[in-house]
Amino acid sequence: MDAHHTVEDVGIVLGGAFAEALGDKKGIARFASISLPLDESLVDVALDLSGRPYLRYDVDFGVESAPLGTPAFEPQLAEEFWRAFVFNADVTLHVTLAYGRNPHHILEACFKGIARALRQAIRVEGGEVPSTKGML
C-alpha cells in the first residue's frame with residue numbers, strides 16, 4: 001500500500017470513529033473556530049459538526065516542499081487525511097494558512113488548530129440537538 005492510501009484510510013477510520021462517538025450530538029456546542037500560531041505560521045480553523053461534510057483546505061506548501069520526517073511524509077497528504085476524516089465524520093471544516101514558511105510548523109499548526117476546534121465544538125452546553133430542525 002502506498003502513503004496516499006494509508007493516510008486516506010487512517011482519515012476514514014478516525015472520521016468514522018469520531019462520528020460514532022458523537023452519537024446524536026445532543027447538547028454539543030456544534031460550531032468552533034480558532035486562529036492558532038506556531039512560530040512563524042498562523043492557521044485559521046472553523047468547523048461545524050453539521051452532518052454535512054465539506055472541506056475547504058487552503059494550505060499551500062508549494063511545489064518544492066520536501067517530505068518531512070522518517071519515514072518521509074509528503075505535506076500535501078494532510079489534505080487527503082482531512083478530506084477522508086471530514087467525509088466520514090460528517091463535518092464541515094475550513095482550514096486556511098494565513099502565513100508561514102516552515103512546512104513542519106504549518107502542518108503542526110493545522111493539526112493542533114483542528115484538534116482544539118473539535119474540542120470546543122464537542123463541548124456539552126445543553127441537552128438539545130443544536131439545530132432548528134432537531135437533528136444533525
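**Rings and charges in a predicted model**

Phe81 and Trp82 are both buried. Keep in mind as we go that this is a predicted model. The rings of these two residues form an aromatic pair of the edge-to-face kind, with 4.7 Å from centre to centre and 80° between the planes. They make a handy place to start, since the structure holds six aromatic pairs.

Let's stay with Phe81 for a moment. Its ring also pairs with the ring of Phe111: the centres are 5.7 Å apart and the planes sit at 35°, so this pair is tilted. Here distant parts of the chain are linked, with Phe81 in helix α2 (residues 77-89) and Phe111 in helix α3 (residues 103-121), 30 residues apart. Phe81 has a relative accessible area of 10%, and because buried means under 20%, Phe81 counts as buried. Phe111, on the other hand, is partly exposed, at 32%. Step back a little and you'll find a wider group: Phe18, Phe81, Trp82, Phe85 and Phe111 form one aromatic cluster.

Now for the charged residues. Side chains of opposite charge can pair when their charged atoms come close. Searching the whole structure turns up six salt bridges. One of them is in helix α2, where Glu79 bridges to Arg83, with the closest N and O atoms 2.8 Å apart. Why are these two about one helical turn apart? Because they are four residues apart in helix α2. Glu79 is partly exposed at 25% relative accessibility, and Arg83 is partly exposed as well, at 29%. Glu80 joins in too: salt bridges with shared partners tie Glu79, Glu80 and Arg83 into one network.

Next, have a look at Asp48, which lies in strand β2 (residues 41-48). What does the side chain of Asp48 meet in a salt bridge? The side chain of Arg30, at 2.6 Å from N to O. This is another link between distant parts of the chain, as Arg30 is in the loop between α1 (3-22) and β1 (31-38), 18 residues from Asp48. Are the partners buried or exposed? Asp48 is buried, with a relative accessible area of 10%, and Arg30 counts as buried at 10% too. Leaving out residues up to four places away in sequence, Asp48 touches Arg30, Phe31, Val91 and Thr92.

One last stop: the side chains of Asp58 and Arg56 meet in a salt bridge at 4.0 Å, N to O. Asp58 is partly exposed, with a relative accessible area of 37%, while Arg56 counts as partly exposed at 42%.

Note on methods
Residues are numbered from 1 along each chain as its sequence is written. This is a predicted model: local features need pLDDT of at least 70, side-chain atom pairs count only at pLDDT 80 or more; totals for chains, interfaces and linings use all residues. Side-chain values use heavy atoms; hydrogens and water are left out. Contact means heavy atoms within 4.5 Å. Rings of Phe, Tyr and Trp (its six-membered ring) pair if their centres lie within 6.5 Å; planes under 30 degrees apart count as stacked, over 60 as edge-to-face and the rest as tilted. Buried means under 20% relative accessible area, exposed over 50%, partly exposed in between (1.4 Å probe, protein chains only).
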